[in-house]
There are 2 protein chains.
Amino acid sequence: MKIGVFDSGVGGFTVVRELLRLIPQVPIVYFGDTARAPYGTKSRRTLVEFAMEDARFLMEHGAGMIVIACHSAASTATDELKRCLDIPIFDVVSPSIEQACNLTKNKRIGLMGTRATVSSGIYAEKIPKKLPGARLFQQPCPLLVPLVEEGWLKGRETRMIVKKYLRPLKNQQIDTLILGCTHYPLLKDVIREKAGKRIKIVDPSLEVARQVAEEINRKKALQGSDQLVQEIPHRFFVSDLTPHTEDIVASFLGMRVRLERI
Amino acid sequence: MKIGVFDSGVGGFTVVRELLRLIPQVPIVYFGDTARAPYGTKSRRTLVEFAMEDARFLMEHGAGMIVIACHSAASTATDELKRCLDIPIFDVVSPSIEQACNLTKNKRIGLMGTRATVSSGIYAEKIPKKLPGARLFQQPCPLLVPLVEEGWLKGRETRMIVKKYLRPLKNQQIDTLILGCTHYPLLKDVIREKAGKRIKIVDPSLEVARQVAEEINRKKALQGSDQLVQEIPHRFFVSDLTPHTEDIVASFLGMRVRLERI
């Protein structure tokens, strides 16, 4: 059983990092659609097309389950993928909604995300269903992805921009904040500082990795543990490759890996 | 004769704006590859593939000449397009090099651009050929495109980031600055303020439009002017379309136009 993970680019490596930590023995096949990245500015129709192609690519490379590590794709294309594909589909959105609803005390939840994620409306639809009376306050943050990719993780400009994006959410007295993009965990320190101690932060990369690890461990218990331990190495595919891509992946993963351009 | 203009996204509308001003009677067919935008972070190989597809699409829609309005594509794919396609190819890079070499007194020229444009090395190669002894100082500015697309054209964060990017160029005592990306003309006021009066600014959208207009006017003189005035309307295609795309185009063009998703 291979875990297939896809993202618009390299942000999904924050999910890979957590999977390697939790279930290092399970082979991963990754696809980052760097030639068409980012997804966060694109329309619903285009995102569904891209997500379907990405998932099929991973299945052709042996994935027996799919993790949609891109929030923009998860927000718009999860249902479509579940309907069309005959393997388990995990996504970064559902477990972070679960966790946010568990953590909040005042039922006021904030979301930072790309424009596509915010306009999908998926969080606003699902959170009140999960936790009646809960309210969601959303902030599109299109500059955070380029700031992370530029490597400006702690600079003065970054702190100002994070503060500016957080202000309307803090004004709404949120007590829980979902980092609705796989790039944002790299800004967790600045976000935590500007959000203040009162606000609990939900990191979806961590949440989805936990969910996948539970599923894998449950299967292992059923099948006997050795069957899942194989010699197949992890494979990391991208649709475009620059030297800068390799540097960003190293910063996301904390180590250098071989990237294969398709 | 239709003028075909392509760009990675909507930045090329700064070229369209100048063409409409200079030669309003000539029909334009535009293609913005918004589904795969931006190009500025992508590899040479991928850019050449994309540029070839974009140019062919425009030719299928009747373009008799092509303007590569994307600096990243112009920097990496112009030679390839000229070799493979049998129609005149214009690009934003060549006329801005020409103009910068005309304007500089101290032979110290600065370039702001995307990562792809800077690493193409095309300016560094061509400028000393055009003007012996001239030196080029380059600064990749990956945050400026998202700042423009966010509509933060004059905010405090934008001014700080522009200042930060300009500092190394000013330290090199440049007297001429090329805005090496079609998005940057929208930041011209802030860039002019932070660059100071001593530095002359080259706007490639303007330069390439002038070059195209000269060519069209020359052909008109040869063929008799009426032949070029046709009833065909302009057409603006994009590979992805969101409501935000339409807003950005309106801000680039100063008016709303109908965008067609391919």
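Here are some exercises with worked solutions on this structure, which is a predicted model.

**Exercise 1. Work out how the two chains are related.**

Start by laying one copy on the other. Chain A can be placed on chain B with an RMSD of 0.0 Å, and doing that takes a turn of 180° and a shift of 0.0 Å along the axis. The two copies are thus related as by a two-fold rotation axis.

Next, look for the spot in chain A that comes closest to this axis. That's A:Arg36, whose C-alpha lies 2.0 Å from the rotation axis.

**Exercise 2. Describe the contact between chain A and chain B: how many residues does each chain give, and which elements of chain A take part?**

Count first. Chain A puts 19 residues into the contact, and chain B puts in 19 residues.

Now find the elements on the chain A side. Helix H7 (144–150) and helix H8 (156–171) of chain A are the ones that give two or more residues to the side touching chain B. H7(A) gives the most to that side, with four residues.

Then sort the chain A side by residue type. You'll get eight nonpolar, four polar and seven charged residues.

Last, ask whether the copies use matching or differing surfaces. Of the interface residues of chain A, 100% are also interface residues in chain B, so the copies meet through the same surface.

**Exercise 3. Split chain A into its domains and describe where they touch.**

Step one is to set the bounds. Domain 1 of chain A covers 2–92 + 205–261, while domain 2 covers 94–204.

Step two is the spacing. Taken over C-alpha atoms, the centres of domain 1 and domain 2 of chain A are separated by 22 Å.

Step three is the contact itself. Here 26 residues of domain 1 of chain A are in contact with 23 residues of domain 2 of chain A. On the domain 1 side, the elements giving two or more residues are helix H1 (13–22), helix H3 (71–84), helix H10 (204–223) and helix H11 (243–253) of chain A. H10(A) gives the most to this side, with five residues.

Finally, sort the domain 1 side that touches domain 2 in chain A. It divides into eleven nonpolar, eleven polar and four charged residues.

**Exercise 4. Trace the four-stranded sheet of chain A, then place the helices that pack on it.**

Begin with the strand order. Four strands of chain A form an open sheet in the order S6-S5-S7-S8, with parallel pairing.

Now check the ends. Strand S6 (135–140) and strand S8 (200–202) of chain A stand at the edges with a single partner strand each, so one side of each has no neighbour in the sheet. From one strand to the next, the twist averages 25°.

Zoom in on one pair. Strand S5 (residues 108–113) of chain A runs parallel to S6(A), and six bridges join them. As for a matching pair of residues, A:Leu111 has A:Gln138 in S6(A) as its bridge partner.

Then add the helices. Helix H6 (residues 122–130) of chain A packs on the sheet and touches S5 and S6 of chain A, its direction making about 160° with that of S6(A). Helix H9 (residues 188–195) of chain A also packs on the sheet, touching strand S7 (176–180) and S8 of chain A; the direction of H9 makes about 150° with that of S8(A).

**Exercise 5. Find the neighbours of strand S3 in chain B, and decide whether S3 is largely enclosed or open.**

Take one partner at a time. Strand S1 (residues 2–7) of chain B pairs with S3(B) in the parallel sense over five bridges. In this pairing, B:Phe6 stands opposite B:Ile68 in S3(B).

Move on to strand S4 (residues 89–91) of chain B. Three bridges join S3(B) to S4(B), and the two run parallel. B:Ile68 turns up here too, standing opposite B:Asp91 in S4(B).

Now for the surroundings of strand S3 (residues 63–68) of chain B. Five of its six residues are buried, so S3(B) is largely enclosed by the rest of the structure.

How values were computed. Residues numbered from 1 in each chain as written. Chains lettered and ligands numbered in written order. Predicted model: local features only at pLDDT ≥ 70, side-chain atom pairs only at ≥ 80, totals over all residues. Domains from an automatic or database assignment. Contact = placed C-beta atoms within 7 Å. Nonpolar A, V, L, I, M, F, W, Y, C, P; charged D, E, K, R; others polar. Least-squares fit on C-alpha atoms with pLDDT ≥ 70 in both. Pairing = 2+ DSSP bridges. Axes fitted to C-alpha atoms, helices over the stretch in contact; angles between N-to-C directions. Buried ≥ 20, exposed ≤ 12 C-beta atoms within 10 Å, placed from the backbone.
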